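Colleague: I should like a close look at one part of this predicted model. Please describe the loop residue with an unusual backbone angle, and then set it beside what else can be said of the chain.

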Amino acid sequence: MHTNDIITPSIVFIGGGQMASAIIAGLVGTSNGGSHILVVEPIETQRELLSSRYGVHTSAEANERIGQAEIVVWAIKPQMFREAAAAALEHLGSALHISIAAGISVEALCVLLQTHRVVRVMPNTSALVGAGVSGMTASKELSHADRARVEALLSATGHSFWVDNDERLDAVTAVSGSGPAYVFHFLEAFQSATEALGFSPDTARELVLLTALGALEQAKWGEAFGALRARVTSRKGTTEAALSVLDARATPAALAEAVKSAYLRAGELSLELSKS
Ligand SMILES: NC(=O)C1=CN([C@@H]2O[C@H](COP(=O)(O)OP(=O)(O)OC[C@H]3O[C@@H](n4cnc5c(N)ncnc54)[C@H](OP(=O)(O)O)[C@@H]3O)[C@@H](O)[C@H]2O)C=CC1
Ligand SMILES: O=C(O)[C@@H]1CCC=N1
């Protein structure tokens, strides 16, 4: 298939990086059936990867081909948003806009995109495997039909839920938006610690992964995390020895500070945009 002969894609992505790729994977799956999607992405290798993997159409820049889109997904860095919106605006019709950019408020989006048909979404990269979680917020003016359209789109990427305002979406950003990285950070450190006990990297990875998957499977049954932890922790046993080190190093406090720091950064991004 030629990827550059499309005129009327129904979904346009502005930005085809990490998060756009994950959402497209959720939408298209492994079917290579993304011919209803056009991705505007300046990096050639990324365009080639997306078109070969998912069958999407691509363009190096916004042009008249985006004009008939029903949905535009803004998947660029917050710092690039103003410039990208200005470049795309002259070509855009009356699309429904979904922004996944961290920290840019619904009000700012309405001004930048000159419409109230705007939804701010905070997804996460687990959309790649259909196991994502997305928070959503929108202006009061958004119709029920548009809300339902966004829900339907995101349902292919995992769970989604509405929050009341931008401040709550900044909080979602700090938890589930950035959250996969916290989990991978822990897994990385756990694998290193396992290798330090003499296991090969492959075995260490497998052991850590199976342990994590087993624990998460157990956690899914609904018992409080603390109760599950307590059931592993025999008095004066090995787990107690390990957890006392984590507590002495203030690991829970460090995590609380880390999540708060992500939340505050989301607010800062918004201020940076308003000053630029
Ligand atoms: N990664 C994640 O886990 C999550 C990210 N987000 C949000 O998603 C957005 C994108 O993040 P992410 O995918 O990680 O970033 P990436 O840098 O991976 O992707 C952004 C892509 O957009 C390209 N780009 C830059 N300017 C334009 C333009 N004017 N038109 C079209 N494309 C452009 C960039 O090219 P170049 O590199 O050349 O600038 C880059 O390839 C951010 O706003 C982020 O806050 C939200 C939730 C989770
Ligand atoms: O790090 C970031 O700013 C983006 C938003 C949430 C995850 N990645």
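Modeller: The residue in question is Ala250, which is located in the loop that links α10 and α11 (251-275). Its phi is positive, about 55 degrees, although Ala250 is not a glycine. As general background, most residues other than glycine have a negative phi. Ala250 is exposed, because 11 other C-beta atoms lie within 10 Å of its own and a residue counts as exposed at 12 or fewer.

A second residue invites a parallel description. Lys236 also has a positive phi, near 60 degrees, and is likewise a residue other than glycine. Lys236 sits in the loop between α9 (225-232) and α10 (238-248). Lys236 is exposed too, with 6 other C-beta atoms within 10 Å.

As for the wider setting, the protein is divided into domain 1, residues 11-172, and domain 2, residues 179-257. The C-alpha centres of these two domains are 34 Å apart.

The ligands complete the account. Ligand 1 is surrounded by 25 residues, the closest being Gly15, Gly17, Ala84, Ala101 and Ala102. Helix α1 (residues 18-28) contributes the largest share of that shell, namely three residues. By class, the shell of ligand 1 comprises 16 nonpolar, seven polar and two charged residues. Around ligand 2 stand Ala102, Thr173, Gly177 and Ser178. The shell of ligand 2 has one nonpolar and three polar residues, and no charged ones.

How values were computed. Residues numbered from 1 in each chain as written. Chains lettered and ligands numbered in written order. Predicted model: local features only at pLDDT ≥ 70, side-chain atom pairs only at ≥ 80, totals over all residues. Near = placed C-beta within 6 Å. Helix = DSSP H or I, 4+ residues; strand = E, 2+ residues; numbered from the N terminus. Nonpolar A, V, L, I, M, F, W, Y, C, P; charged D, E, K, R; others polar. Domains from an automatic or database assignment. Buried ≥ 20, exposed ≤ 12 C-beta atoms within 10 Å, placed from the backbone.
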